[in-house]
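Here is a walk through one protein model for someone at the bench. Have the sequence and the 3D view open as you read.

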Amino acid sequence: MTLTRTQGGPVPSPDGLYERLVEFEGKAAATAGTGKDPVNLPMIRHWCEAMGDAHPAYRGPEAVAPPTMLQAWTMGGLSGHTDRSSAYDELFALLDGAGYTSVVATDCEQEYLKPLRPGDQITFDTVIESVSALKTTKLGAGHFVTTRTDVRADGELAGTHRFRILKYAPAGRPRGPEREARASGGGQGARAGGPQAEARRPRPVINRDNAGFWEGVAEHRLLIQRCGDCAALRLPWLPGCADCGSGVWDTVEASGTGTVFSYVVMHHPPFPAFDPPYAVGLIELAEGVRMISNVVGVPYDKVRIGMPVRLEFLRFDEELELPVFRAGEED
């Protein structure tokens, strides 16, 4: 008899998958991992420029790293890490084999115990903390996997990072053997009107901190937070001011004009409801804040840094309308 956790207690799991998944709880995902670089000023500067964070604590000879960079010092980059355990790969292979092949990051929690300073040598250990029972979401059914990473600076615990993802089978797509049978029948996904053709874009996560932003979008208004004490503008929305810490704020409506500050062209991985390649831009608004959105109106390979763009609202389905930025055709 296999078991699935519920609020009312364990109930049978007919396929035995969940019993195998929970066996990975408590196993190491990485042991004695090492940061590829010590904490350093260039990475801090790049981070602050990308985030628009000009706090003086992150500059100069006494600089500390922004606390929210905690995960950055443990990331492996394109070449990856060699210290990841086999348990982590085995868990994901088991989920993939059961048809839960898509991944979306859902949330993270960080605890900061000491500031990181340039020169600190970073080590870390990661454990598979939990695997949820099967959950049904708007994206599709799947399992939430939570890992916890303990980050150390020169051997002393500096912070903890919990990262939660959803491994899921996209809604409307078959799992396991049924999916393989359909694939062998020559289905070509979105480009040929197959199962991906009806896939919908992921829904935004709306909470008490950003609900006002999405209310503005529904009214075709792009609202920027403004600190009630120091008048600093911020986007995306946050519960407090990054410059002075104040929790008092109001909003101003963006004019809708801006330029492409930076951009990437997405080729891989493919995702239902998206048709790569497409351009994703970091847009600098006339008000001085930046936001990430799609650049439309020109081919993906014609997007350029500095290109003027203008806000518009694009409806993707009966429920979802998003702000995007339209560029004019180049001469």
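Strands β9 and β11 run antiparallel and are joined by 5 bridges. Strands here are DSSP runs of E with at least two residues, helices are runs of H or I with at least four, and both are numbered from the N terminus. Two strands count as paired if DSSP finds at least two bridges between them. Within this pairing, leucine 223 stands opposite glutamate 253 in β11. Zoom out and you get an open sheet of 3 strands in the order β10-β9-β11, with antiparallel pairing. Its edge strands are β10 and β11, each pairing on one side only.

A word on what you're looking at: this is a predicted model, where local features need pLDDT of at least 70, side-chain atom pairs count only at pLDDT 80 or more, and totals for chains, interfaces and linings use all residues. Residues are numbered from 1 along each chain as its sequence is written, and side-chain values use heavy atoms, with hydrogens and water left out.

**Backbone oddities**

Most residues other than glycine have a negative phi, and most peptide bonds are trans. These spots go the other way:

| Site | Value | Where |
|---|---|---|
| Leucine 235 to proline 236, cis | omega about 5° | proline 236: loop between β10 (233-234) and β11 (249-253) |
| Proline 276 to proline 277, cis | omega near 0° | proline 277: loop between β12 (257-266) and β13 (278-285) |
| Alanine 32, positive phi | phi near 55° | strand β3 (residues 28-34) |
| Histidine 220, positive phi | phi near 60° | loop between α5 (211-218) and β9 (223-227) |

How accessible are alanine 32 and histidine 220? Alanine 32 is exposed, at 52% relative accessible area, while histidine 220 is partly exposed at 43%. The cut-offs are under 20% relative accessible area for buried, over 50% for exposed and in between for partly exposed (1.4 Å probe, protein chains only).

**Helix α3**

Helix α3 (residues 86-97) has 12 residues and reaches 16 Å from its first C-alpha to its last, close to the 16 Å expected at 1.5 Å a residue. That expected span is 1.5 Å times one less than the number of residues. Which residues of α3 are buried? They are Ala87, Leu91, Phe92 and Leu95. These buried residues sit on the same side of α3 because they cover an arc of only 130° around the axis, taken from the directions from the helix axis to the C-beta atoms. An α-helix has 3.6 residues a turn, so residues three or four places apart point the same way. The buried residues of α3 pack against α1 (17-22), β3, β5 (122-131), β7 and β8 (156-170). Just after α3, glycine 99 takes a positive phi of about 100°.

**Two residues to click on**

Histidine 143 lies in strand β7 (residues 140-153) and is buried, at 3% relative accessibility. A polar atom of its side chain lies 2.8 Å from the backbone oxygen of serine 132. Leaving out residues up to four places away in sequence, histidine 143 touches a list of residues that includes Leu17, Tyr18, Leu95, Tyr100 and Ile165, where contact means heavy atoms within 4.5 Å.

Lysine 138, in the loop between β6 (135-136) and β7, is exposed at 66% relative accessibility. Beyond its neighbours within four places in sequence, lysine 138 is in contact with Ala171 and Arg203. Lysine 138 and arginine 200 are 62 residues apart in sequence and 9.4 Å apart in space, C-alpha to C-alpha.

Terms used
A polar contact is a pair of N or O atoms within 3.5 Å; within protein, one must be able to donate a hydrogen and the other to accept it, and residues adjacent in sequence count only if both atoms are side-chain atoms.
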